[in-house]
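Biologist: I'd love a close look at one part of this protein, explained gently for someone new to structures. Could you walk me through it once the picture is up?

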Amino acid sequence: MNCLNCGTENSDEAVFCRQCGARMDGKIICPNCSAENVADSNFCIICGQNLSQPTTTVPTPENVIPVAENQRIETTIGWKSTVSTLSGIFAMLGLLFSVLFTFFIGIKVNGSTGILDSIPSATTPNQMDIFYYFGDAYKTLDLIDAKLPDFTATSLYFPIILATVVFASLLLAMIIMGILTIVRYYFYVTKKSKKDHYSMVIATYFLYIFGVLMFFVFNNSVYSLKQNTATYSVSCGVNDLTTTGITLSTIFVCAAVGCKFALNLQNKTMTGIYNIVFSAISLIIVCVMVYLAIMPHISYDAAYDNTNGGTNFFSAITALGILYFYKSAPQYAATVLPSMGTETEVPRAESALLVVPAILQILTIVLLLVIAGGYLLNLAKDKKYSTASLSLTSTLSTTFLLIFTIISSISYWTYSLGESYETSEIKFTYVIAMLILSVVQLTISLIHRSFNNIEKKAMQEQQLQY
């Protein structure tokens with residue numbers, strides 16, 4: 001028996017054609033009501049269904065997705081969508097707090113009440129914010145006698161002018177980064193661009209942290225003096241608004257990174273797990289190194305008067321100019337600092353040795369923050385930055401920082417303490433610890449890079465096989 005539709009010969013008991021699947025009697029079954037219609041029917045005689053349109057293929061058992069499996073897929077998609085939305089919200093909040101609290105960066109002086117009360121607020125305020133370097137700092141210098149030696153005046157102006165340039169650039173950069181990040185976020189959410197905003201959020205966050213560290217570095221100093229049973233000490237710390245800004249921005253940026261990390265956590269290979277471990281360990285080490293980098297690097301113990309002092313390079317430059325003024329003015333040497341005598345020679349060598357480590361300190365902090373940003377991106381975007389080159393540069397800068405810290409400290413205290421220098425003990429604890437940790441971090445980066453190279457080579461070999 002031949003098929004009426006395609007003419008293929010079929011057996012007598014066939015109901016449907018073995019070639020085209022049409023009914024052997026030529027009738028058309030309505031897909032809507034299952035009524036039989038003659039072969040040339042365009043519409044169903046029972047329900048009026050259009051029979052000329054192609055019918056939907058009934059799914060076969062192998063391509064039918066079970067209901068439970070379909071529900072699981074929908075739940076997974078919903079979970080990922082929720083986490084992705086939360087990640088974007090957290091990232092924007094972290095960006096907001098980073099930009100907003102940049103305008104409230106400041107420090108406060110902590111110490112014994114008697115010492116703080118004795119500090120003239122006009123020359124050394126107990127609290128300073130970022131706008132101090134845009135006006136009040138220069139007003140303070142105007143209060144100082146204009147007849148100061150040129151070297152003393154230069155040493156006073158140098159840190160203030162440098163700080164003004166740094167913080168003016170910081171405020172401008174934060175505003176620009178904030179606007180660009182919001183624009184990137186809008187295009188990413190509206191699917192007009194595939195480039196996400198996380199790298200820019202992290203960069204803005206670390207730019208804010210850099211501003212806080214720089215403000216602390218420019219003003220950080222520690223001094224302790226023990227007289228009989230009483231101990232007097234003065235130190236600098238960030239103010240309450242800065243603490244709040246660091247806390248809020250860190251919480252929300254880390255929450256955004258955590259959400260992205262959770263989204264990327266599925267289907268991790270062994271090398272992916274290694275990448276997470278290396279990034280987490282290195283990030284912790286770099287954070288400790290940043291803490292050590294902002295500590296006072298010129299420190300000493302004077303056994304003869306139970307004095308423990310520490311200062312930053314920038315503060316030391318200012319202090320060196322003041323010391324020169326005291327030592328070169330007989331009226332001050334006789335009444336204020338009788339143990340120093342008179343000294344008319346300008347300490348050019350000491351000042352030069354302080355400028356070099358000051359620049360190295362800023363360079364080291366910048367490198368550490370860039371490295372930390374790279375590792376945070378590793379966790380957020382499932383990247384594999386080893387930062388080995390940056391780690392090597394950081395180790396070299398830390399090595400030179402240690403060398404110049406030792407040289408400048410000895411030179412500084414020799415000039416300032418005079419004969420009493422021999423009874424003092426100079427400390428280099430912070431910078432030595434930095435060097436040790438930088439070597440450890442460099443080693444981890446090199447191991448990380450080797451794992452990445454092994455994985456890359458294995459993937460290339462696998463592609464060649466296919």
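Is S98 buried or exposed, and why?

Modeller: Happy to help! Please keep in mind that this is a predicted model. S98 counts as buried, because its relative accessibility is 1% and buried means under 20%. You can find S98 in helix 1, which covers residues 67-102. Leaving aside residues up to four places away in sequence, S98 touches M174, T204, Y205, Y208 and S249.

Let's follow one of those partners, S249, and turn to helix 6, which spans residues 240-263. A salt bridge joins the side chains of D240 and K108, with 3.3 Å from N to O. D240 belongs to helix 6, while K108 sits in strand 3 (residues 106-111), so the salt bridge links distant parts of the chain, 132 residues apart. D240 counts as exposed because its relative accessibility is 55%, whereas K108, at 24%, counts as partly exposed. The count for the structure comes to one salt bridge.

You may also wonder about the cysteines. The structure holds zero disulfides. Take C287: the nearest cysteine sulfur belongs to C254 and is 8.7 Å away, while a disulfide needs two cysteine sulfur atoms within 2.5 Å, so C287 is in no disulfide. C287 counts as partly exposed because its relative accessibility is 46%. C259, with 13% relative accessibility, counts as buried, just as S98 does at 1%.

Methods. Residues numbered from 1 in each chain as written. Predicted model: local features only at pLDDT ≥ 70, side-chain atom pairs only at ≥ 80, totals over all residues. Heavy atoms only, no water. Helix = DSSP H or I, 4+ residues; strand = E, 2+ residues; numbered from the N terminus. Buried < 20%, exposed > 50% of the residue type's maximum accessible area, 1.4 Å probe, protein only. Contact = heavy atoms within 4.5 Å. Salt bridge = Lys/Arg side-chain N within 4 Å of Asp/Glu carboxyl O.
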